[in-house]
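Got the viewer open? Here's a short walk through the model, one selection at a time.

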Amino acid sequence: MSLGAIMDKDTINHKNERFYIRAKQQGYRARSAYKLFEIQKKYNIFKRAFYILDIGSAPGSWLQVAKKFAEENLTKYQDRHYHREEYKILGVDIKKISPIEQVDTMRLDITNPSSIIKIQTFLEGEKFDLVLSDASIKKSGNKFSDQVRQVKLCLKILDILYLLKSKGNLVIKLFQGEDFKRVHHTMKDKFHFVKSYKPRASSKKSNEIYVIGLNKK
Ligand SMILES: C[S@@+](CC[C@H](N)C(=O)[O-])C[C@H]1O[C@@H](n2cnc3c(N)ncnc32)[C@H](O)[C@@H]1O
């Protein structure tokens, strides 16, 4: 291994460790929290977000971040424009999510039609203001097939966007590769503004990237 490669690896590890320590100190369950903070800073996705769905939530750091902004929004947006008196956050994952006060969680597979019925029951006829998805398939190590499986998962998630209100926002995780453009195009049909973004807190080693859709048509 060249010295350059070793140094690069050290830099990556150091950066990951820095976010990991920060998460521990600030009480976040994972360093992924900072990816969402960066996305918020750049795109203001939480603007007027009161009803939020987080897909692939375990262990729960995005839920912690979502709760922080939803709570702030209750007082921040008390005007004649879109506002709600309460917030509702739902986190779903195949894995168990340890409880977070005032946040609802369900253990389910988002690709399963019966899961959608459960989410609709939770919504009681309402719609989400914001849908987040950090869900990722279990990687096999084969970059090509992993990317195809991740795209498939994302397209399933895009199929349930009728649960998102018009003018609502979406953040979804993808892996860079061939089919990436397919998701990007599908999103362009559904949102007025679509951008891809790789937060600094996302490991350089990982090919993950987030697609942000603002202002649903
Ligand atoms: C990177 S983790 C999410 C981390 C989380 N955002 C946080 O900040 O704590 C990805 C999660 O997606 C979940 N997942 C993958 N496929 C899923 C599916 N079909 N339905 C629900 N969750 C899924 C995995 O179980 C895993 O917990």
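**Around the ligand**

By class, the residues in the shell around the ligand are 11 nonpolar, 7 polar and 5 charged. Keep in mind as you click around that this is a predicted model. Select the shell itself and you should have 23 residues surrounding the ligand, with Ser32, Gly56, Ala58, Ser61 and Asp134 the closest. Now colour by secondary structure: helix H3 (61–76) and strand S2 (88–93) each give at least two residues to that shell.

**The cis bond**

Stay with Ala58 and step to the next residue. The peptide bond from alanine 58 to proline 59 is cis, and its omega is near 5°. Most peptide bonds are trans. Proline 59 sits in the loop that runs between strand S1 (51–55) and H3.

**Ile137 and its loop**

Next, pick isoleucine 137, in the loop between strand S4 (128–133) and helix H5 (143–158). Is isoleucine 137 buried or exposed? Partly exposed, because it has 17 C-beta neighbours inside 10 Å. Skipping neighbours within four places in sequence, the contacts of isoleucine 137 are Asp146, Arg149, Gln150 and Leu153. Then draw a distance to glycine 56, one of the closest residues to the ligand: the C-alpha atoms of isoleucine 137 and glycine 56 are separated by 9.6 Å, although the two are 81 residues apart along the chain.

**H5 against H6**

Follow the chain into H5 and show helix H6 (residues 180–190) as well. The axes of H5 and H6 come within 10 Å and cross at roughly 10°. Angles under 35 degrees count as roughly parallel, so H5 is roughly parallel to H6. To see the contact, select Val151, Cys154, Leu155 and Leu158 on H5, plus Arg182, Val183 and Thr186 on H6. Sorted by class, this contact of H5 with H6 has 5 nonpolar, 1 polar and 1 charged residues.

**Into the core**

Go back to S4 and select leucine 130, which lies in that strand. Leucine 130 counts as buried because it has 24 C-beta neighbours inside 10 Å. Which residues does leucine 130 touch, not counting those up to four places away in sequence? Show Ile45, Phe46, Ala49, Ile52, Gly168 and Asn169. For another long-range pair, try tyrosine 51: leucine 130 is 79 residues from tyrosine 51 in sequence, yet 6.7 Å from it in space, C-alpha to C-alpha.

Now widen the selection to the largest nonpolar core, which has 47 residues. Those with the most contacts inside this core are Ile52, Ala66, Ala70, Ile89, Leu130, Leu132 and Ile172. In soluble globular proteins, nonpolar side chains tend to be buried together.

**H2 and some positive phi angles**

Move to helix H2 (residues 33–43), where Ala33, Tyr34, Lys35, Leu36 and Ile39 are buried. Just past the end of H2, click asparagine 44, which takes a positive phi of about 50°. Most residues other than glycine have a negative phi.

There are further stops of this kind. Lysine 167, not a glycine, has a positive phi of about 75°, and its place is in strand S5 (residues 164–175). Lysine 167 counts as partly exposed, with 14 C-beta neighbours inside 10 Å.

Finish at asparagine 215 in strand S7 (residues 208–216). Its phi is positive too, at about 65°. Asparagine 215 is exposed, because 12 other C-beta atoms lie within 10 Å.

Definitions and conventions
Residues are numbered from 1 along each chain as its sequence is written. This is a predicted model: local features need pLDDT of at least 70, side-chain atom pairs count only at pLDDT 80 or more; totals for chains, interfaces and linings use all residues. Helices (H or I, at least four residues) and strands (E, at least two) are DSSP runs, numbered from the N terminus. A residue is buried if 20 or more other C-beta atoms lie within 10 Å of its own, exposed if 12 or fewer, and partly exposed in between; C-beta atoms are placed from the backbone. Two residues are in contact if their C-beta atoms, placed from the backbone, lie within 7 Å. Axes are lines fitted to C-alpha atoms, for helices over the stretch in contact, and angles run from 0 to 180 degrees between N-to-C directions. Angles under 35 degrees count as roughly parallel, over 145 as roughly antiparallel, 65 to 115 as roughly perpendicular and the rest as oblique. Ala, Val, Leu, Ile, Met, Phe, Trp, Tyr, Cys and Pro count as nonpolar, Asp, Glu, Lys and Arg as charged, and the others, Gly among them, as polar. A residue is near a molecule or strand if its C-beta atom, placed from the backbone, lies within 6 Å of it. A nonpolar core is a set of buried Ala, Val, Leu, Ile, Met, Phe, Trp, Tyr and Cys residues joined through C-beta atoms within 7 Å.
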